[in-house]
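Please load the structure and keep the sequence panel open beside it. The stops below are meant to be selected in order.

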Amino acid sequence: MSFIRLSLLASILCGLVSCSTTPRQPPAAPSEPAAPLTPAKPVTPPVDLPGLPRTEINSALRPVTFAALPGWKADDQREALPAFLSSCAVLVRRPDWKEACVAGANVDVTDDNATRKFFENYFVPYRVANPDGSLSGTVTGYYEPLLQGARKRGGKYQTPLHGAPDDILTIELASVFPELKGQRVRGRLVGNKVVAYPSRAELNKSNALAGKEILWVDDAIDAFFLQVQGSGRVQLDDGREIVRLAYADQNGQPYKSIGRYLIDKGELTLDQASAQGIKAWVRANPKRQQELLNANPSYVFFREEKVTDPNVGPKGALGVPLTPQRSIAVDPQYIPLGAPVFLSTTQPNSNVPLQRLVLAQDTGSAIKNAVRADYFWGFGAQAGEQAGRMKQRGAMWVLLPK
């Protein structure tokens with residue numbers, strides 16, 4: 001496609017669909033999108049740091065000492081070092097990260113003191129602030145679920161999971177407008193016009209995705225939450241094979257929380273609108289299931305992958321496997337992907353501190369703002385219980401190379 005045609009399509013699409021950032025990963029755990037960002041007050045002195053433009057660094061980050069990180073010395077950074085080295089598979093190619101990555105590979109991972117000293121010697125912590133100057137934000141959780149499915153439709157397996165359609169068009173706006181780096185729009189060509197890609201409700205009513213079924217699963221709500229989580233595993237009906245469905249693409253429509261939909265309708269209270277509460281509501285109101293699901297116009301497409309090692313998590317937006325309880329999803333406009341982040345929050349539905357070094361290795365459409373994180377709990381039902389109940393307040397410090 002020529003650059004001129006690409007420019008024209010970008011202009012047309014911006015007039016037809018929302019020109020918002022659509023990450024490579026889909027929405028993470030059910031939560032409300034952040035409020036529109038307000039202009040930030042720059043901090044002084046200005047600094048230049050790896051991974052972020054100067055203006056964004058000035059508005060979001062302020063250097064501090066490690067002594068300012070609550071719980072820093074209590075955390076066992078030996079658990080974070082392998083996740084950091086996983087990030088280094090990508091970051092080591094960048095000159096500003098290479099020295100730290102090479103040094104980290106030589107640290108004795110069994111030595112807690114040596115691991116802590118490594119991070120203190122090679123990094124500077126920066127307190128993350130929101131554009132409005134506030135220092136706290138929302139921390140939610142996500143996980144990799146296990147579904148029951150089959151390769152052919154039949155019996156209880158009636159809900160399809162789709163691969164990406166052939167007609168979806170994705171345009172990176174930075175190729176036309178450099179100031180829109182990281183933003184993209186999706187649509188499709190109808191005749192000689194570009195139109196928005198159909199919403200979830202429109203896709204469900206039409207036959208547009210026929211032939212793109214990868215697997216069929218036994219529960220429509222589980223399939224919906226698989227789209228929210230972004231990836232998951234499916235136990236096939238032969239009882240022997242488990243496959244992974246990884247995020248492939250998204251229809252470009254905005255993510256909207258079905259929990260918020262039920263709250264606005266007076267069906268659930270804020271405290272009840274967890275993943276567990278939503279599933280309970282659907283069981284009590286089965287005839288309204290499709291109404292609820294259609295409240296979120298976003299629709300996620302998958303690709304199948306083999307599970308070669310059941311102990312290895314799915315790949316996040318950075319392109320490396322996620323580490324349970326040591327990986328988070330962030331807004332890459334403020335936090336560079338791959339960077340270590342010290343997170344201070346609390347356990348789900350409690351005041352018990354959760355303070356630990358994690359790695360920014362993923363993104364999500366609902367993860368918008370500087371102090372905003374989605375905490376990866378891991379695989380399976382227990383991880384899902386924790387993720388579904390997590391909506392805490394927290395603070396963040398990003399560690400960047402000296």
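Is Asn251 buried or exposed? Select this residue in the predicted model. Asn251 has a relative accessibility of 1%, and because buried means under 20% relative accessible area, it counts as buried.

**Stop 1: around Asn251**

The loop that holds Asn251 runs between strand β11 (242-250) and helix α8 (258-264). Display the side chain of Asn251 together with Pro297 and Tyr299. A polar atom of the Asn251 side chain lies 3.0 Å from the backbone oxygen of Pro297. The Asn251 side chain also reaches the backbone nitrogen of Tyr299, at 2.9 Å.

Next, add the other residues in contact with Asn251, leaving aside its neighbours within four places in sequence. Among them are Ile168, Arg186, Tyr197, Pro198, Ser199, Arg200 and Leu203. Ser298 and Phe301 are also in contact with Asn251.

**Stop 2: the whole chain**

Zoom out to the full protein chain, which has 11 helices and 17 strands. Of its 402 residues, 52% count as buried. Among contacts between residues at least 6 apart in sequence, 78% join residues at least 24 apart. Switch to a surface display: the chain exposes about 18200 Å², and carbon and sulfur atoms supply 52% of that area.

**Stop 3: salt bridges**

How many salt bridges does a search of the whole structure find? The search finds 17, and three of these pairs can be visited in turn.

Select Asp75 and Arg326, whose side chains meet in a salt bridge at 3.0 Å, N to O. This pair links distant parts of the chain, 251 residues apart. Asp75 is in the loop between β1 (61-63) and α3 (81-91), while Arg326 is in the loop between β12 (300-306) and β13 (327-329). Both residues of the pair, Asp75 and Arg326, are buried.

Move to Arg94 and Asp96, where the side chains form a salt bridge, again with 3.0 Å from N to O. Asp96 counts as partly exposed at 30% relative accessibility, and Arg94 is partly exposed at 31%.

Then select Arg151 and Glu304, which form a salt bridge with the closest N and O atoms 2.8 Å apart. Here, too, distant parts of the chain are linked: Arg151 is in the loop between β4 (146-150) and β5 (159-162), and Glu304 is in strand β12, 153 residues apart. Arg151 is partly exposed, with a relative accessible area of 40%, and Glu304 is partly exposed at 35%.

Finally, return to Asp75 and Arg326 and add Glu79: salt bridges that share partners join Asp75, Glu79 and Arg326 into one network.

Note on methods:
Residues are numbered from 1 along each chain as its sequence is written. This is a predicted model: local features need pLDDT of at least 70, side-chain atom pairs count only at pLDDT 80 or more; totals for chains, interfaces and linings use all residues. Side-chain values use heavy atoms; hydrogens and water are left out. Helices (H or I, at least four residues) and strands (E, at least two) are DSSP runs, numbered from the N terminus. Buried means under 20% relative accessible area, exposed over 50%, partly exposed in between (1.4 Å probe, protein chains only). A polar contact is a pair of N or O atoms within 3.5 Å; within protein, one must be able to donate a hydrogen and the other to accept it, and residues adjacent in sequence count only if both atoms are side-chain atoms. Contact means heavy atoms within 4.5 Å. Accessible areas come from the Shrake-Rupley method with a 1.4 Å probe; for residues, only the protein chains shown count as cover. A salt bridge is a side-chain nitrogen of Lys or Arg within 4 Å of a carboxyl oxygen of Asp or Glu.
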